[in-house]
2 protein chains.
Amino acid sequence: MTPSFAELKQNLKAKNINLSFQRLKVLEYLVNNRCHPSVEQIFSDLLKELPTLSKTTVYNTLRILTETGLVRSMTIDDNETRYDINTKNHGHFKCNSCHTIYDFYVDIDNFCSDDLKNFKIENKNVYFMGICPRCLTNKE
Amino acid sequence: MTPSFAELKQNLKAKNINLSFQRLKVLEYLVNNRCHPSVEQIFSDLLKELPTLSKTTVYNTLRILTETGLVRSMTIDDNETRYDINTKNHGHFKCNSCHTIYDFYVDIDNFCSDDLKNFKIENKNVYFMGICPRCLTNKE
DNA sequence: TCCGGTAGCTGTAATCATTACAAGTTTGCA
DNA sequence: TGCAAACTTGTAATGATTACAGCTACCGGA
């Protein structure tokens with residue numbers, strides 16, 4: 001369930017979103033860096049390649065991509081929003097020690113509650129926090 | 001699973017947290033207002049009762065209460081952190097129309113993934129977004 | 001080929017939640 | 001009673017995000 005760049009590009013065209021050069025680069029970055037980067041990370045990395053890039057453009061692009069549903073934004077206990085390509089059926093685990101965010105498989109689709117019978121659910125999120133294996137072994 | 005005020009107070013003493021007057025009031029507020037209030041809401045409501053209250057105190061208190069695990073902080077797609085008394089086994093649903101946050105029952109404890117075999121999980125969160133029944137009917 | 005308009009990009013300024021800090025106040029304990 | 005530590009308060013700083021205004025690039029029609 002990891003959509004290819006070509007698929008995403010087509011998906012955008014179908015939604016009448018113009019793929020400008022800068023937007024292409026942001027999208028490309030998200031496809032190649034599935035590490036839940038922050039705006040700051042995306043911006044400073046792309047700046048090496050596009051010295052005239054504006055941070056505002058990154059914000060704008062991410063907003064557009066998020067609105068179309070191609071990209072998912074999330075804030076896990078941080079003051080920084082993180083972004084990733086929207087793939088289904090996975091939760092996020094954030095390590096409280098190294099702050100890395102891991103994906104893990106979870107069957108969210110079949111995960112519902114009777115309390116929400118009359119609710120229209122548009123978006124499901126699962127995130128855990130704790131210590132990742134790497135940090136656990138480093139402590140010993 | 002809604003702890004009483006007396007229980008919470010005892011819980012705090014056990015953790016060597018001094019219950020100052022202001023902290024008491026913040027805790028009391030959270031017990032009486034289980035609507036996931038923001039700092040701004042807590043502060044401005046308590047200000048009526050405690051005109052000398054400082055917003056910094058509210059922030060400090062919430063940090064302490066969160067660290068002890070009595071209070072849970074969450075940011076659902078907002079730029080404002082919300083707080084509630086930490087009760088187990090429930091997820092949050094945020095209405096995209098009226099922005100109300102609902103609790104719903106969910107069996108989080110039995111909700112794990114093989115991918116996280118070697119992770120130490122300290123905290124589990126489930127939140128959904130969509131439209132609540134009230135807003136759904138109002139639209140018609 | 002030229003022109004006009006629109007969409008997109010850029011950079012600065014403003015906003016707003018949160019945190020840092022320093023000084024005043026209260027509390028607990030000897 | 002007095003001291004030290006813990007709390008509170010208010011202001012200033014920080015830092016992510018948004019607003020905005022001007023500039024640029026592209027596209028369609030004459």
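Author: Helices here are DSSP runs of H or I with at least four residues, strands are runs of E with at least two, and both are numbered from the N terminus. With that in hand, chain A reads α-α-α-α-β-β-β-β-β-α along its sequence. What you're looking at is a predicted model, where local features need pLDDT of at least 70, side-chain atom pairs count only at pLDDT 80 or more, and totals for chains, interfaces and linings use all residues. Residues are numbered from 1 along each chain as its sequence is written, chains are lettered from A and ligands numbered from 1 in the order written, and side-chain values use heavy atoms, with hydrogens and water left out.

Reader: How many helices and strands does chain A have, and what box do its C-alpha atoms fill?

Author: Chain A has five helices and five strands. Taken along the principal axes, the C-alpha atoms of chain A fill a box of roughly 45 × 45 × 25 Å.

Reader: How do you know where the domains of chain A begin and end?

Author: The bounds come from an automatic or database domain assignment. For chain A that assignment gives domain 1 (5–85) and domain 2 (90–139). Eight residues from domain 1 of chain A and eleven from domain 2 of chain A take part in the contact between them, contact being heavy atoms within 4.5 Å. The C-alpha centres of these two domains lie 22 Å apart.

Reader: What makes up the buried area between domain 1 and domain 2 of chain A?

Author: Buried area is the accessible area (1.4 Å probe) that two parts lose on being put together, summed over both. Between domain 1 and domain 2 of chain A, that comes to about 880 Å², with 54% from carbon and sulfur atoms. On the domain 1 side of chain A, His36(A), Arg72(A) and Ile76(A) lose the most area to domain 2, together 59% of what that side buries.

Reader: What area do chain B and chain A bury between them, and which residues of chain B supply the most?

Author: About 3000 Å² is buried between chain B and chain A, and carbon and sulfur atoms give 63% of that. Phe111(B), Tyr127(B) and Phe128(B) supply 22% of the area that chain B buries against chain A, more than any other three residues. As for contacts, 30 residues of chain B touch 30 residues of chain A.

Reader: Why is the pair Glu49(B) and Lys25(B) called a salt bridge?

Author: The rule asks for a side-chain nitrogen of Lys or Arg within 4 Å of a carboxyl oxygen of Asp or Glu. The closest N and O atoms of Glu49(B) and Lys25(B) are 2.8 Å apart, so the pair passes. Glu49(B) sits in helix H3 of chain B and Lys25(B) in helix H2 (residues 21–32) of chain B, 24 residues apart, so the pair links distant parts of the chain. Over all chains the search finds twelve salt bridges. Between chain B and chain A the count is zero, and zero turn up across the interface of domain 1 and domain 2 of chain A.

Reader: What makes a space a cavity or a pocket, and how many cavities of 30 Å³ or more are there?

Author: On a 1 Å grid over the protein atoms alone, a cavity is a set of points where a 1.4 Å probe fits but cannot get out, while a pocket is an open set with protein on both sides within 12 Å along at least five of seven lines; lining residues have an atom within 4 Å of a point. The structure holds one cavity of 30 Å³ or more. Met74(A), Ile76(A), His92(A), Asn125(A), Val126(A), Tyr127(A) and Tyr127(B) line the largest cavity. Strand E5 (residues 120–131) of chain A gives the most to that lining, with three residues.

Reader: Which residues lie nearest the centre of the largest pocket?

Author: The largest pocket, with a volume of about 930 Å³, is lined by 37 residues, and Thr66(B), Val71(B), Arg72(B), Ser73(B) and Asn123(B) lie nearest its centre. H4(B) gives the largest share of this lining, seven residues.

Reader: And which residues lie nearest the centre of the second largest pocket?

Author: Of its 23 lining residues, Arg72(A), Asn86(A), Glu122(A), Asn123(A) and Lys124(A) do. The second largest pocket holds about 560 Å³ of space. E5(A) gives the largest share of its lining, five residues. Domain 1 (5–85) and domain 2 (90–139) of chain A each give that lining at least three residues.

Notes
Grid points are joined across faces, edges and corners, and a volume is the space filled by probe spheres set on the points.
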